[in-house]
Amino acid sequence: MWYQDSFLLHPNDRRTMDTRGEKHYLTVRNVRASDFGNYSCVAENSLGRAKKYIEVSGRPGPAQFHSPMYSRYREMYNLTWSIESFPLIEEIRLLYRKLMMNESYQHPGRWHDIILNPPSTRSESFRHIMTYTIKGLDPNSVYETIVQAKNRYGWNEVSDIFQFYTLSTDMPNEDVEQTLGSTAYGNNYRALNRGSDLQCDLPLLGAILLSLAAAIWRPVRQ
C-alpha cells in the first residue's frame, strides 16, 4: 500500500502502481506541487508490518562544489558550484570565513555573508553551474565556505562545508573578473539518503518513479 502524507493512494490518470517480482513501483506523471510531500510504502504479512518513507520536494538540491582546493591567487578565489532546481533559482546565499590555524589549534573567524541574484534564465534542464570570485582574502590562508539556494518552493539544505587555500604569491594567469554565472545541463534528479529518510528533489514537470523492494521490508522471524 502506498500513502502520501498518511493518505492512502489509489491509481488515477497520472498515478500508476505496479508490481514486478518482489518490487513495488509507484509512478507519478506530470508532477505538480500537489504531488510534493512524504510518501510511504507499507508491507505486511503474517509475521508483521514494516514501512519505508521518501520525501518528494520542489526545493533546490544541495550545492555541490567543483573548484580545486588551492587558489591560483594570494587574495582571491574562484568558487564554482552546481545546484539542481527545476524552478528558477531566485536567490543564492554564500558564506565564507577564515580559519585561524597553527600547530596546536584551529579557530574559525566570523562568517562573511553574501547575497547573490542569479541570472533569470530558464533551460530545458535544471542543473545550474554557478561561479563567483571571492576577493579581499588574506594570502597563505585557509578558508571554508557554504552555499544555500532558494526557489519558489523555499530554501534548500545548507551545503557541506568546503575548504580552500590561498597562495603566498600569485601564479601567472590571465586577469579574473568578479562574476556570477549560471549554466544548465543534464536531466537527472538527485536523491539524497539521510539515515532512514530519502529525499528526492524532482522537476515540476516530467515523471517520477518511486521504487521500493518488498523483500527489504518483509519482516523476518528472528
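N156 sits in the loop between strand 14 (154–155) and strand 15 (162–165); strands here are DSSP runs of E with at least two residues, helices are runs of H or I with at least four, and both are numbered from the N terminus. This is a predicted model, where local features need pLDDT of at least 70, side-chain atom pairs count only at pLDDT 80 or more, and totals for chains, interfaces and linings use all residues. Residues are numbered from 1 along each chain as its sequence is written, and side-chain values use heavy atoms, with hydrogens and water left out.

Back to that loop. N156 counts as buried because its relative accessibility is 5%; the cut-offs are under 20% relative accessible area for buried, over 50% for exposed, and partly exposed in between, with a 1.4 Å probe and protein chains only. A polar atom of the N156 side chain lies 2.7 Å from the backbone oxygen of G61. Setting aside neighbours within four places in sequence, N156 is in contact (heavy atoms within 4.5 Å) with P60, G61, P62, A63, Q148 and A149.

One of those partners, P62, belongs to the loop between strand 6 (48–57) and strand 7 (64–65). P62 has a relative accessibility of 9%, so it counts as buried too. Its C-alpha atom is 6.5 Å from that of V158, although the two residues are 96 apart along the chain.

Two other loops have a residue with positive phi that isn't glycine. Here they are next to each other:

| Residue | Phi | Loop | Relative accessibility |
|---|---|---|---|
| D5 | about 50° | between strand 1 (2–4) and strand 2 (7–8) | 36%, partly exposed |
| N140 | near 50° | between strand 12 (127–135) and strand 13 (142–151) | 62%, exposed |

On to the hydrophobic side of things. The largest nonpolar core has 21 residues, and L79, W81, I83, I92, L94, I134 and V147 are the ones with the most contacts inside it. A core of this kind is a set of buried Ala, Val, Leu, Ile, Met, Phe, Trp, Tyr and Cys residues joined through side-chain atoms within 4.5 Å. At least two of its residues come from each of strand 8 (76–84), strand 9 (91–101), strand 11 (112–116), strand 12, strand 13 and strand 15. Strand 8 gives the largest share, four residues. As for L79, leaving out residues up to four places away in sequence, it touches F65, S67, L94, M130, T131, Y132, I134, T145 and F162. Another core, of 10 residues, lies apart from this one, and L9, V31, F36 and I54 are among its members.

Zooming out, the chain has one helix and 19 strands. Of its 222 residues, 41% are buried. Among contacts with a separation of 6 or more, 67% are between residues 24 or more positions apart. The chain exposes about 12,800 Å², with carbon and sulfur atoms supplying 48% of it; the area comes from the Shrake-Rupley method with a 1.4 Å probe, and for residues only the protein chains shown count as cover.

Finally, confidence. The mean pLDDT (the predictor's confidence in each residue, from 0 to 100) is 78 for the chain, and 74% of the residues reach 70 or more. Over residues 175–222, pLDDT stays under 50, and the model has 144 contacts beyond four places in sequence for them. Where pLDDT is low, the predicted coordinates should not be read in detail.

Note on methods
A polar contact is a pair of N or O atoms within 3.5 Å; within protein, one must be able to donate a hydrogen and the other to accept it, and residues adjacent in sequence count only if both atoms are side-chain atoms.
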